[in-house]
Amino acid sequence: MKVSALICALVGLGCSPILLVIAEREIGTYAATFDRLILGTAIFLLWNSGQQIFKAKPNQPAEPDITALSLVDIMWLVSTGLAFSGSLILWAWSLTQTSVANATLLDNMVPIFTALGAWILFQETFSYQFLSGLTIATLGVIMIGAEDLQLTSGLLGDAAALGSAVLVAANILIVGRLRLRFGTAWIMLRTSLIGSLFTLIILGILHQSPFPHTFLGWVTVISLAVTAQVLGQGLLTYCLEAFSVALVATCMLLVPVISAVLAMAVFNEQLSWLNWLAFGIVLIGICLSILSSPQKGFVAHKVISASSPT
């Protein structure tokens, strides 16, 4: 069940760049990001409310009230909301300052920062097979954009893309920690709301309109919210109950592969033999990581629960 959910999450995230390109024909990237978050908030509100009314398990305890949370819990929630929305904003801005290839390459360093963070913060260890798979998959992602890589591109934009990767890794680590105590809809409702409020402030500073003006525009941003935020991020959060943050982050290297294949189908973009070779390398690396030792490559409950917030 969790494996199927993870696959659906990756496909949902892979749809995000396609829908974002379509949305940008009418509104800006930041506005599309805000719409994704605020519409996602509305959907998760309905989801969370439905769970409270129709519980699958009659004896299941109610989700904690926000007023009963500790200061540490609130800090984690605010941090993950800001980290996620900040990563989207930094990524969008980096594309205006550096090449798409450079931004994509640096933004896909997420698994490295996630594994490093899990090792430093949670003392999680990994098998050599897992680390080998991570390395191979990362090299495959590098190959995807190698043809268009620009070594003399804007350093500020490169730094922004790298910062986006750090924030994504921070978001995964924090959500993995929260997931041990709270439900998926409960977490996503609050982080999506916090992220949308932060993005709205950015829109106000830039004096940009937050909503589309046509039917097609609304269909696009609603699709973006459903596929990327609800299915993508929502199911990713759901899977963090069973899989380690490092494994989930490594599997996320499939997202640019999925996006490239979708772009070929939707926009008729051409893929070179090097692209297809890189896709195969990414798949091999991820398979190695998945087949690594379960104690070190999959479940991280014991490691993370030792430092769960009180």
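**Helices H8 and H9, and three residues**

Helices H8 and H9 are oblique to each other. That is my starting point today. One caution before I go on: this is a predicted model.

Where does "oblique" come from? Two packed helices are described by the angle between their axes and the distance between the axes. Here the axes of H8 and H9 cross at roughly 125 degrees. They come within 9 Å. Angles from 65 to 115 degrees count as roughly perpendicular, and those over 145 as roughly antiparallel. Roughly 125 degrees fits neither class, so the pair is called oblique. H8 covers residues 184–206, and H9 covers residues 215–239. The crossing of H8 past H9 is right-handed.

Which residues of H8 and H9 make the contact? From H8, we have Thr-184, Ile-187, Met-188 and Ser-192. From H9, we have Gln-229, Gln-233, Gly-234, Thr-237 and Tyr-238. Sort them by class, and this contact has 6 polar residues and 3 nonpolar ones. No charged residue takes part.

Stay with these two helices a moment. His-207 sits in the loop between H8 and H9. Its phi is positive, about 55 degrees, although His-207 is not a glycine. Is His-207 buried or exposed? Exposed: its relative accessible area is 73%, and the cut-off for exposed is over 50%.

Now look at Gln-123. This residue is in the loop between helix H5 (110–122) and helix H6 (128–144). Gln-123 is not a glycine, yet its phi is positive at about 55 degrees. Gln-123 counts as exposed because its relative accessibility is 55%.

Next, a residue with the opposite label. Ser-87 is part of helix H3, residues 71–94. Its relative accessibility is 2%, so Ser-87 counts as buried; the limit for that is under 20%. What does Ser-87 touch, leaving aside its neighbours within four places in sequence? Ser-164, Leu-167 and Val-168.

Let me step back to the whole chain. How many helices and strands are there? There are 14 helices and 0 strands. From the N terminus on, then, every element reads α. The chain has 310 residues, and 50% of them count as buried. The chain exposes about 14500 Å². Carbon and sulfur atoms supply 72% of that area.

One last number, on contacts. Take contacts between residues at least 6 apart in sequence. Of these, 90% join residues at least 24 apart. Ser-87 with Ser-164 is a contact to look for in the model. Thanks, that's my part.

Key
Residues numbered from 1 in each chain as written. Predicted model: local features only at pLDDT ≥ 70, side-chain atom pairs only at ≥ 80, totals over all residues. Heavy atoms only, no water. Axes fitted to C-alpha atoms, helices over the stretch in contact; angles between N-to-C directions. Helix = DSSP H or I, 4+ residues; strand = E, 2+ residues; numbered from the N terminus. Parallel < 35°, antiparallel > 145°, perpendicular 65-115°, else oblique. Left-handed = near helix turned anticlockwise from the far one by under 90°. Contact = heavy atoms within 4.5 Å. Nonpolar A, V, L, I, M, F, W, Y, C, P; charged D, E, K, R; others polar. Buried < 20%, exposed > 50% of the residue type's maximum accessible area, 1.4 Å probe, protein only. Areas by Shrake-Rupley, 256 points an atom, 1.4 Å probe, with all protein chains shown as cover.
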